[in-house]
Amino acid sequence: MVLFGIGAVGCAVPAIANDSPSKESAAGQKIYVAKCAKCHKFYDPAKYSEADWQMWMAKMSKKAKLKPQQEEELSRYIAENLRSPRRTTNTVPVAK
């Protein structure tokens, strides 16, 4: 059952453009799955304005107790793989 749960979480991660991710990208993706999905569903980063997304990243990074390097790797992974040029404002519910 545990392996099924881990596999299901891995499948929930949005696909990245590059089939063979760099070490940095893989580290960011690992943090994304381990820390973000631990408490809530994956939100689409592309649906938030830069200001809104940065506010939530700061809040959730603190809540997830990310080290500065982890926060940087996660931010880079999201920016390079999940954010798009379109910017809209949206509100994210507070994680449990």
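**Close-up views: aromatic pairs and model confidence**

**View 1. Tyrosine 32 and tyrosine 77 in a predicted model.** Both tyrosine 32 and tyrosine 77 are buried (buried: under 20% relative accessible area; exposed: over 50%; partly exposed: in between; 1.4 Å probe, protein chains only). Their ring centres lie 5.7 Å apart with planes at 50°, so this pair is tilted. Rings of Phe, Tyr and Trp (its six-membered ring) pair if their centres lie within 6.5 Å; planes under 30 degrees apart are stacked, over 60 edge-to-face, and the rest tilted. The pair links distant parts of the chain, 45 residues apart: tyrosine 32 sits in helix 2 (residues 23-36), tyrosine 77 in helix 4 (residues 68-81). Helices are DSSP runs of H or I, at least four residues, numbered from the N terminus.

**View 2. The cluster of Tyr32, Phe42 and Tyr77.** Ring pairs join these residues. The structure holds 3 aromatic pairs.

**View 3. Tyrosine 48 and tryptophan 53.** The ring centres of tyrosine 48 and tryptophan 53 are 5.6 Å apart and the planes stand at 40°, so the pair is tilted. Tyrosine 48 and tryptophan 53 are both buried.

**View 4. Confidence along the chain.** Mean pLDDT (the predictor's confidence in each residue, from 0 to 100) is lowest in helix 1 (residues 2-12), at 44, and highest in helix 3 (residues 50-63), at 94. Over residues 1-18 pLDDT is below 50, and this stretch has 18 contacts beyond near neighbours in sequence (contact: heavy atoms within 4.5 Å). The chain average is 76, and 65% of residues score at least 70.

**Notes.** Residues are numbered from 1 along each chain as its sequence is written, and side-chain values use heavy atoms, without hydrogens or water. In this predicted model, local features need pLDDT of at least 70 and side-chain atom pairs count only at 80 or more, while totals for chains, interfaces and linings use all residues.

Key: Helices (H or I, at least four residues) and strands (E, at least two) are DSSP runs, numbered from the N terminus.
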